[in-house]
Amino acid sequence: MTSLPLKISKMSGAGNTFAVLDARSGSAWSQVEKDLSMSRADFAKMICDPVQGICADGFLLIEEGSQDIDYKWDFYNSDGSTAEMCGNAARCAARYCHEVLKPATNSQIRFLTGAGLVDAQIVKDHQVCVLMPEARFLQREIALKTRWGSFEKFALVNTGVPHLVQKVQDISTVQGMKEMAREVRSHHDLKPAGANVTFYAEEFKGQIKAVTYERGVENYTLACGTGAVAAALVYTDESKSQQVNVEMPGGSLRVTFPEGEVRPLMLGEAIFIGEFQYNLEVMK
């Protein structure tokens with residue numbers, strides 16, 4: 001049995017799972033990639049596949065940074081599409097860099113994403129705090145006409161990637177709203193990029209439940225960092241609070257909007273699930 005001469009780590013950020021590897025110059029990947037007869041996007045689809053891969057939501061390659069940046073990343077969804085930012089991947093990337101690649105900056109790590117610079121700090125007990133990209137409203141209310149002729153109202157925000165956000169009374173009802181989420185996520189009024197769709201419900205003051213239908217995954221995910229921030233942005237704007245705990249199906253995240261800042265802080269877990277070596281037989 002012949003395997004690729006590199007190890008791929010599987011990590012989880014509040015249930016959002018990622019395949020992560022070292023793609024710096026001189027790494028095992030740098031040589032493997034030269035011999036691959038496929039693009040990174042196709043490799044991402046293979047690695048993330050639930051049957052012939054490791055069943056992950058995304059594929060994350062860590063590359064060397066520059067003088068002011070520790071690392072940069074190249075991120076792919078499980079369908080091979082790219083995404084500018086993923087908050088849960090950011091926490092996983094930070095812990096991977098800290099514990100596997102050993103940056104000289106100790107517990108503080110800065111890396112470059114498609115949405116700009118992200119600063120992260122390793123806290124304790126697998127917790128990582130990430131200074132997210134600017135979170136802002138694009139439209140406080142947008143009504144999208146569905147194929148059934150009805151209009152669905154959302155807030156349209158950008159938290160590194162665009163999100164449609166809708167408040168619901170009971171988060172359990174969103175299972176029956178999947179077809180609507182699938183439709184509006186690529187609505188013609190949102191062309192060309194489309195948007196993720198995030199629903200949230202208030203449990204009590206300062207505590208909400210949220211779930212996101214993600215582009216590239218084309219389903220609800222156990223967690224979405226940018227979705228948690230999107231729900232928190234809409235909720236805190238309404239409640240006039242600065243901090244909210246966001247419970248997603250895969251785990252809890254704490255989102256804080258420091259006074260006078262446009263970039264929120266997100267705190268949550270990032271854990272290692274295991275290491276994987278890919279058998280070349282699958283690639284034939």
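This is a guided tour of a predicted model, in which each stop names a selection and says what is found there.

**Helix α3 and its cysteines**

Begin by selecting helix α3, residues 87-101, whose end C-alpha atoms are 20 Å apart, in agreement with the 21 Å that its 15 residues should span at 1.5 Å a residue. The helix is mostly covered, with 12 of its 15 residues buried, and the buried set includes Asn 88, Arg 91, Arg 95 and Tyr 96 as well as Leu 101. Move on to Lys 102, which follows α3 and has a positive phi near 55°.

Now show the cysteine side chains, where the count of disulfides comes to 0. Select Cys 86 together with Cys 224, whose sulfur is the closest cysteine sulfur to that of Cys 86; the two are 6.2 Å apart, which is too far for a bond. Cys 97 is likewise in no disulfide, since the nearest cysteine sulfur, that of Cys 92, lies 11 Å away. Is Cys 97 buried or exposed? Its relative accessible area is 1%, and Cys 97 is therefore buried, while Cys 86, at 6% relative accessibility, also counts as buried.

**The two cavities**

Keep Cys 86 on display, and turn to the enclosed spaces, of which there are 2 with a volume of 30 Å³ or more. The largest cavity holds about 90 Å³ of space, and to see its walls you can select Phe 75, Asn 77, Ala 83, Met 85, Cys 86, Val 161, Asn 196, Glu 214, Arg 215, Cys 224 and Thr 226. Divided by class, this lining has 6 nonpolar, 3 polar and 2 charged residues. Both Cys 86 and Cys 224, the pair inspected at the previous stop, are among the residues that line it.

The second largest cavity holds about 40 Å³, and its lining consists of Asn 16, Phe 18, Asp 57, Gly 58, Phe 75, Asn 77, Cys 86, Glu 214 and Val 217. Which strands each supply at least two residues of this lining? They are β2 (16-22) and β4 (71-77). By class, the lining of the second largest cavity divides into 4 nonpolar, 3 polar and 2 charged residues. Phe 75, Asn 77, Cys 86 and Glu 214 appear in the lining of the largest cavity and again in that of the second largest.

**Helix α5 and the largest pocket**

Next select helix α5, residues 225-239, which has 15 residues and reaches 20 Å from its first C-alpha to its last, close to the 21 Å expected at 1.5 Å a residue. Here too most of the helix is covered, 12 of its 15 residues being buried, and the buried residues run from Gly 225 to Thr 236. Just after α5, Lys 240 takes a positive phi of about 60°.

From α5, open the view onto the largest pocket, which has a volume of about 220 Å³. Its lining is made up of Ala 135, Phe 137, Leu 233, Thr 236, Asp 237, Lys 240, Ser 241, Gln 242, Phe 257, Glu 261 and Val 262, and α5 gives the most to this lining, with 3 residues. By class, the lining has 5 nonpolar, 3 polar and 3 charged residues.

**Strand β8 at Ile 142**

Now select Ile 142, which has its place in strand β8, residues 136-145. With a relative accessibility of 9%, Ile 142 counts as buried. Leaving aside neighbours within four places in sequence, Ile 142 is in contact with Glu 152, Lys 153, Phe 154, Leu 156, Leu 164 and Leu 190. For a distance to draw in the viewer, take the C-alpha atoms of Ile 142 and Ala 181, which are 39 residues apart along the chain and separated by 14 Å.

**Backbone details in the loops**

Finish with three loops. In the loop between α4 (178-184) and β11 (196-204), select Pro 192, which a cis peptide bond joins to Lys 191, with omega about 5°.

In the loop between α2 (40-48) and β3 (58-64) lies Cys 55, whose phi, near 55°, is a positive value in a residue other than glycine. Cys 55 is partly exposed, with a relative accessible area of 42%. The last selection is Glu 218, found in the loop between β12 (207-214) and β13 (219-221), where phi is near 60°, again a positive value in a residue other than glycine. At 29% relative accessibility, Glu 218 counts as partly exposed.

Key:
Residues are numbered from 1 along each chain as its sequence is written. This is a predicted model: local features need pLDDT of at least 70, side-chain atom pairs count only at pLDDT 80 or more; totals for chains, interfaces and linings use all residues. Side-chain values use heavy atoms; hydrogens and water are left out. Helices (H or I, at least four residues) and strands (E, at least two) are DSSP runs, numbered from the N terminus. Buried means under 20% relative accessible area, exposed over 50%, partly exposed in between (1.4 Å probe, protein chains only). Contact means heavy atoms within 4.5 Å. On a 1 Å grid over the protein atoms alone, a cavity is a set of points where a 1.4 Å probe fits but cannot get out, and a pocket is an open set with protein on both sides within 12 Å along at least five of seven lines; lining residues have an atom within 4 Å of a point. Grid points are joined across faces, edges and corners, and a volume is the space filled by probe spheres set on the points. Ala, Val, Leu, Ile, Met, Phe, Trp, Tyr, Cys and Pro count as nonpolar, Asp, Glu, Lys and Arg as charged, and the others, Gly among them, as polar. The expected span of a helix is 1.5 Å times one less than its number of residues. A disulfide is a pair of cysteine sulfur atoms within 2.5 Å.
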